[in-house]
Amino acid sequence: MLYERRGFRFRSSARMLAALVFILLCIQPGHGQTCTEGFAYDRRSRQCIDVDECRTMPDVCRGDMRCVNQNGGYLCLPRNLYNQPFRPETPALPEPLYPETSLGFPEPFVPDPAGSVEASYPRVRSTAQCILGYAPAEDGSCHDIDECETNTHHCNPTQVCINTEGGYTCSCIEGYWLIGGQCQDVDECRYGYCQQLCANVPGSYSCSCNTGFLLNTDSRTYVDECDEEPCSHGCLNSYGSFMCNCDEGFELAVDGITCKDLNECEFSDFLCQHNCANTPGSFYCLCPPGYYVFEDGRSCEDINECDTGNNTCTTEQVCFNFQGGYTCLDPLQCQPPYIEVGDNQCMCSAENPACRDQPFTILYRHMDLSPGRAVPADIFQMQATTRYPGAFYIFQIKSGNDGREFYMRQTSNVSATLVLSRPISGPQEVVLDLEMVTVNNVINFRGSSIIRVTIFVAKHKF
């Protein structure tokens, strides 16, 4: 008995659950709006519209049948009915009288063949009802009712009827707005429709100007002198007048209307590092050969022809770049009695009698120098590489310092610095022999070494 009660309870719960699911499936969505079969709810127009089954249902009519959409349904008719010619003179087919079949099953009704006339097109009669705002047409479809034309609207006499699809709306003419179901005049003067003086009139307004002003063609604003383009560049309208302004690089002429070019190159010599070229409304900077204009558009930077490959040096020569140019250095050739012993170095052997009064070594160096360098300036340093007990060293400029622009300043017992003491001009090439004399009184020795420095002085100060 306990098992049967449990089974009974289980079966009752299952039936209740099935009934609940069936009720939920029967509820159709649509925000509470349901439509009859053959219609679908349109959320935009908020009404039921006909469903065109001939388009939405594939192969709705099979065989040699053609689908004809109806309001709320469709028909499948033979295609040959549409190929028959239309004959307007054919009399209408009389409505057949069907016998009462509720009392039994009589013989099938057969209309009189003598009085029957073949129709040249399908006759379709629809009993579908149209929604509010639509009326049935002869073809069975629903067309919109123009309530404004038929005067079936309920707009007030002060309002204007505007027909819409399936209805109408009441509006007001320009210059009025709808308040409380009545069209009332809009006071345009409250909303700044006029630029100066405003007078409101029913359904419109009127603008006027203060003394000294003219009303524009738009009948709202006063005449803007800048509209006539009196200025050669820019125009700024003001109260009752105007003022001209000029673009960058121009200045206003004495007539207050035209603009003339401003020659920026005449203002300052510091706009460009080298030369300044004026253009209408602007300027640009130029650099001499061997230089290019830097990113700032004003400074000049040296072109390193040795790095860019834009030079004429051969494979045997060495390209040496300096400010504003370059030079090709020939391979080192030591003059007798000197012999080449290393990179840019010549030596005169002590065993050779011809070297007795000559410097022991000559080392060749090259450097560039800008003529605008501030003085005094340290430009080169030399020092003894070999030190002997009891020896001291003397540093001096042996030759090449004809203009007295350089001098040697000894910085320690074994080193000295070449100093530029006077401003130097270019372009020129200066060759200095810097001598280091070694003196050792213990062994009664005196010798010297030379560093031959070639200085390429640039033409320009940058």
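A residue counts as buried here when its relative accessible area is under 20%. Gln159, in this predicted model, comes out at 12%, so it lands on the buried side of that cut-off. Its spot is the loop between helix H3 (147–150) and strand E7 (160–164). Setting aside neighbours within four places in sequence, Gln159 touches Cys170, Ser171, Leu178, Gly181, Gln182 and Cys183.

Cys194 is another buried loop residue, with a relative accessibility of 10%. This one sits between strand E10 (182–185) and strand E11 (197–201). Again leaving out neighbours within four places in sequence, the contacts of Cys194 are Tyr205, Ser206, Cys207 and Arg220. For one of these partners, Ser206, there is a C-alpha separation to go with the contact: 8.0 Å from Cys194, with the two residues twelve apart along the chain.

Zooming out, the protein has 462 residues, and 26% of them count as buried. Its secondary structure is made up of four helices and 31 strands. Taking contacts between residues at least 6 apart in sequence, 35% link residues at least 24 apart.

Next come the hairpins. Strand E9 (residues 176–179) runs antiparallel to E10, and four bridges hold the pairing. Across this hairpin, Tyr176 faces Asp185 of E10. Two residues lie between the strands, and Gly180 adopts a positive phi near 60°. Further along, strand E13 (residues 234–238) and strand E14 (residues 241–245) are antiparallel too, joined by five bridges. Here Asn237 sits opposite Phe242 of E14. The connection between E13 and E14 is again two residues, with Gly240 at a positive phi near 80°. Then there is strand E21 (residues 318–322), which pairs with E22 in the antiparallel sense through five bridges. Phe322 is placed opposite Gly325 in E22. The E21–E22 hairpin also has two residues between its strands, and Gly324 in the turn shows a positive phi of about 85°.

Now for the sheet. Six strands line up as E23-E24-E25-E31-E30-E27, giving an open sheet with mixed pairing. The edge positions go to strand E23 (339–342) and strand E27 (391–399); each has a single partner strand, so one side of each has no neighbour in the sheet. On average, neighbouring strands in this sheet are turned by 30° against each other, ignoring direction. Within the sheet order, E25 and E31 stand side by side. Strand E25 (residues 361–369) and strand E31 (residues 445–457) are paired in the parallel sense, over eight bridges. In that pairing, Met367 has Ile455 of E31 as its bridge partner.

That leaves the open space. Rolling a probe the size of a water molecule over the atoms reveals where empty space remains. The largest pocket holds about 910 Å³. Its lining takes in 35 residues, and those nearest the centre are Phe360, Thr361, Gly447, Ser448 and Ser449. Several sheet strands turn up in this lining: E25, E27, E30 (428–440) and E31 each give at least two residues, as does strand E26 (377–383). E31 provides the largest share, with seven residues. By class, the lining of the largest pocket splits into 16 nonpolar, 14 polar and five charged residues.

The second largest pocket comes in at about 480 Å³. It is lined by 19 residues, with Leu329, Asp330, Leu332, Tyr364 and His366 closest to its centre. Strand E22 (325–329) supplies at least two residues of this lining, and so do E23, E25, E30 and E31. E22 is also the hairpin partner of E21 described above. The class breakdown for the second largest pocket is eight nonpolar, five polar and six charged residues. Taking both pockets together, E25, E30 and E31 each contribute at least two residues to the lining of the largest pocket and at least two to that of the second largest.

Terms used. Residues numbered from 1 in each chain as written. Predicted model: local features only at pLDDT ≥ 70, side-chain atom pairs only at ≥ 80, totals over all residues. Heavy atoms only, no water. Pairing = 2+ DSSP bridges. Axes fitted to C-alpha atoms, helices over the stretch in contact; angles between N-to-C directions. 1 Å grid on protein atoms, 1.4 Å probe; cavity = no way out; pocket = protein on both sides within 12 Å on 5 of 7 lines; lining within 4 Å. Points joined across faces, edges and corners; volume = space filled by probe spheres on them. Nonpolar A, V, L, I, M, F, W, Y, C, P; charged D, E, K, R; others polar. Buried < 20%, exposed > 50% of the residue type's maximum accessible area, 1.4 Å probe, protein only. Contact = heavy atoms within 4.5 Å.
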